[in-house]
Amino acid sequence: MNVEFIPAREAAGLIVSGDAVLVDIREADERARTHVPGSVHLPVSRLGNAALGIPPGATVIFHCQSGSRTAQNAGALAAAAPGCRVLLVEGGLAALAAVGMKLVEDKRAPLPIMRQVQITAGSLVLLGAVLGALVDPRFHALSAFVGAGLMFAGIMGLCPMANFLALMPWNRRTA
């Protein structure tokens, strides 16, 4: 695996000069809200099923939101770009934005599903705790139910709450 980490400023220079292809590995719901114009989209969840189609010898720069997903999937990213120089942006999209990289933003796009899950789960746990303390102790069961659901999601890799939220009208808008 021949993968190098690159500072955001250096990555931005290669992208702006046209010496590298930028590949966004975030999921579609994340990309719909903010992305670098002209970047290629290959979600990490589809790495095994899709080829980039970039000719050998090219320089390919991969990014996610913060840099952690690119680091965790470095081997799979290198395999997706055979014969290419593979670079991973240190700090991800946040770092690219911090060094002045132009971004396309759609504030009307829904928040990423996992952020919606965090907001919903946190609200339900807080609601259960407050109602349990002020109204009836049986409301603590709501907090326990949500906690058990989060444990299930983590263990099984399935998130029924995310699937439910994906069906909501605000998430049905095409990216």
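This is a short tour of a predicted model, going from its sheet to its cores and then to its cysteines.

**The sheet**

Let's start with the strands. The model has an open sheet of five strands, paired in parallel and ordered 1-6-5-2-4. Strand 1 and strand 4 (40-41) sit at the edges, each of them pairing on one side only. As background, strands of a sheet pair through backbone hydrogen bonds, and the pairing can be parallel or antiparallel.

Here is how the neighbours line up, with one matched pair of residues for each:

| Strand pair | Sense | Bridges | A facing pair |
|---|---|---|---|
| Strand 1 (residues 3-6) and strand 6 | parallel | four bridges | valine 3 and valine 86 |
| Strand 5 (residues 59-63) and strand 6 | parallel | four bridges | threonine 59 and arginine 85 |
| Strand 2 (residues 21-24) and strand 5 | parallel | four bridges | valine 21 and valine 60 |
| Strand 2 and strand 4 | parallel | two bridges | aspartate 24 and histidine 41 |

Strand 6, spanning residues 85-89, is mostly covered, with four of its five residues buried. Its partners are strand 1 on one pairing and strand 5 on another. Helix 1 (residues 8-17) lies across strand 1, strand 2, strand 5 and strand 6. Relative to strand 1, helix 1 runs at about 105°.

**The cores**

Now for the greasy parts. In soluble globular proteins, nonpolar side chains tend to be buried together. In this model the largest nonpolar core has 20 residues, and Val23, Leu52, Val60 and Phe62 have the most contacts inside it. Strand 5, helix 4 (74-80) and strand 6 each supply at least two residues of this core. Which element gives the largest share of this core? That is helix 4, with four residues.

A second core, separate from that one, has 16 residues, including Ala8, Ala11, Leu87 and Ala95.

Back in the largest core, valine 23 is worth a click in your viewer. Leaving aside residues up to four places away in sequence, valine 23 touches Val40, Leu42, Leu52, Ile54, Val60, Ile61, Phe62 and His63. Two of these contacts, Leu52 and Val60, are themselves among the residues with the most contacts inside the core.

**The cysteines**

How many disulfides does the structure hold? Zero. The cut-off for a disulfide is two cysteine sulfur atoms within 2.5 Å. For cysteine 84, the closest cysteine sulfur belongs to cysteine 64 and lies 19 Å away, so it is too far for a bond. Cysteine 159 tells a similar story: the closest cysteine sulfur, again in cysteine 64, is 20 Å off, which is too far for a bond.

Are these two cysteines buried or exposed? Cysteine 84 is buried because its relative accessible area is 12%, under the 20% limit for that label. Cysteine 159 also counts as buried, because its relative accessibility is 17%.

**A residue on the outside**

For contrast, take glutamine 118, which lies in helix 6 (residues 113-134). Why does glutamine 118 count as exposed? Because its relative accessibility is 56%, and the exposed label applies over 50%. Glutamine 118 and methionine 156 are 38 residues apart along the chain, and their C-alpha atoms are separated by 17 Å.

Conventions. Residues numbered from 1 in each chain as written. Predicted model: local features only at pLDDT ≥ 70, side-chain atom pairs only at ≥ 80, totals over all residues. Heavy atoms only, no water. Buried < 20%, exposed > 50% of the residue type's maximum accessible area, 1.4 Å probe, protein only. Pairing = 2+ DSSP bridges. Contact = heavy atoms within 4.5 Å. Axes fitted to C-alpha atoms, helices over the stretch in contact; angles between N-to-C directions. Core = buried A, V, L, I, M, F, W, Y, C linked by side-chain atoms within 4.5 Å.
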